[in-house]
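Biologist: Before I plan anything at the bench, could you walk me through this model, beginning with its open spaces and then moving to the fold around them?

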Amino acid sequence: MINKNVSSLIVIIIGFSISFLISINNLNKYDKNIKDSEGKFYHQMIKYDAYRYHTHGEKIKNQLKKGTDFFETGREHYTKYLPPRLIAFYYYLFDYDLFNENKELINTGIHLPYLVFQSFLYYFAIFLLLITLSKTVDNKVSFFIISFLSLEPTIIQYHSSFWSESIFFSLQIIIISLILKNKFTNYNFFLIGLFLALLSFQKEYSIFYIIPLLAYFFTFRKDLKIINLISLFIAFFLVQYILGYNNYKRSGSFYIMTADSKLNLHIDLVSKVMSKKFNMTGKQFAVFEGKTALKWINQNSINLDKDKMEKTMNQC
């Protein structure tokens with residue numbers, strides 16, 4: 001296998017090296033706190049969603065250090081479950097703190113190992129895909145696929161940032177390498193279910209990936225067996241149970257769908273369908289929906305605590 005794919009292995013090493021160097025360059029340039037127009041400090045790389053993941057991870061890490069049960073840690077999972085948990089594990093492992101002693105500035109010079117981990121995971125996933133492709137497709141086709149995934153610039157950029165896409169891509173590639181195997185075993189299907197669940201932890205709407213995947217199996221894999229699907233579902237729902245149990249221990253309610261996943265469905269489906277039904281533009285429907293919601297709130301005498309809502313949204 002190695003002799004036949006030595007060119008692809010070299011490309012993988014080159015891609016990892018480029019990603020590693022970009023990570024160093026990005027941290028050298030942008031791992032710093034600067035002031036905005038209002039005089040408040042913000043970190044040039046850890047902001048917006050990345051800031052949300054890191055502050056949540058910091059909270060989980062501090063709770064674990066105080067002896068809090070793992071399933072009781074964290075706050076409301078408004079969005080992705082896995083990124084803050086990975087950050088918490090990283091901070092806990094290396095005993096790092098996100099903020100300085102005054103809680104005003106994000107500590108710098110502590111995040112290179114995390115970015116290296118992202119790059120290593122991604123290129124290890126490509127290596128696993130290479131093993132599968134070497135047994136299923138022509139060597140030239142395999143080399144093209146591996147070269148594209150290893151060197152494509154818009155993919156590489158994510159490995160050297162704190163967004164969630166890098167690990168998301170890695171999990172997708174691992175799943176593809178498992179799906180394309182010539183022969184299936186129950187263990188193989190168990191792994192597919194496991195990584196599908198982890199994928200939904202990394203990006204919440206990926207919980208629906210299981211639907212097209214099942215369609216693929218039923219359409220193209222004639223060797224599919226019921227026991228294979230049972231293995232897949234056991235792993236998938238076993239991992240989902242972890243999220244549900246965490247929510248139950250933390251809030252008293254067992255659920256696996258985050259608020260953000262429901263909101264995305266509303267934005268991507270309901271808003272587009274209803275705006276066409278009422279012959280409105282997207283902006284017109286948004287105004288109409290807002291007025292309707294406000295009317296419902298007033299009719300039901302619901303008091304909105306705007307300060308509490310804003311604080312909650314900032315913590316999510």
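**Pockets, cavities and one helix**

Modeller: In this predicted model, the second largest pocket holds about 200 Å³ of space.

Biologist: Which helix supplies the largest share of the lining of the second largest pocket?

Modeller: Residues that line this pocket include Gln172, Ile176, Leu196, Leu199, Tyr209 and Tyr216. Helix H7 (165-179), helix H8 (186-202) and helix H9 (210-220) each contribute at least two residues to the lining. The largest share, 4 residues, comes from H7.

Biologist: How many residues of that lining are nonpolar, how many polar and how many charged?

Modeller: Among the lining residues are Ile175, Ile179, Leu180, Pro212 and Leu213, and Gln172 is listed with them. Divided by class, the lining of the second largest pocket has no charged residues, 1 polar and 10 nonpolar.

Biologist: Turning to H9, why do its buried residues lie on the same side of the helix?

Modeller: The buried residues of H9 are Ile210, Leu213, Leu214 and Phe217. Because they cover an arc of only 100° around the axis, they are placed on the same side of H9. Ile211 and Phe220, on the other side of H9, are exposed. The reason asked for is therefore the arc of only 100°.

Biologist: What covers the buried residues of H9?

Modeller: The residues to be covered are Ile210, Leu213, Leu214 and Phe217, and H7 and H8, which also help to line the second largest pocket, are among the elements that cover them. The cover thus named includes H7, H8 and H10.

Biologist: Which residues lie closest to the centre of the largest cavity?

Modeller: The count comes to 3 cavities of 30 Å³ or more, and the largest cavity has a volume of about 80 Å³. Of the 13 residues that line the largest cavity, those closest to its centre are Ser200, Glu204, Leu243, Ile256 and Thr258.

Biologist: How many charged residues does the lining of the largest cavity have?

Modeller: H8 and helix H10 (226-251) each supply at least two residues of this lining. By class, the lining of the largest cavity contains 6 nonpolar and 5 polar residues, and its charged residues number 2.

Biologist: For the protein chain as a whole, what percentage of the residues count as buried?

Modeller: The chain has 13 helices and 2 strands, and its C-alpha atoms fill a box of roughly 70 × 50 × 45 Å along the principal axes. The chain exposes about 18,200 Å², of which carbon and sulfur atoms supply 63%. Of its 316 residues, the portion that counts as buried is 41%.

Key: Residues numbered from 1 in each chain as written. Predicted model: local features only at pLDDT ≥ 70, side-chain atom pairs only at ≥ 80, totals over all residues. Heavy atoms only, no water. 1 Å grid on protein atoms, 1.4 Å probe; cavity = no way out; pocket = protein on both sides within 12 Å on 5 of 7 lines; lining within 4 Å. Points joined across faces, edges and corners; volume = space filled by probe spheres on them. Nonpolar A, V, L, I, M, F, W, Y, C, P; charged D, E, K, R; others polar. Buried < 20%, exposed > 50% of the residue type's maximum accessible area, 1.4 Å probe, protein only. Areas by Shrake-Rupley, 256 points an atom, 1.4 Å probe, with all protein chains shown as cover. Arc of directions from axis to C-beta. Contact = heavy atoms within 4.5 Å.
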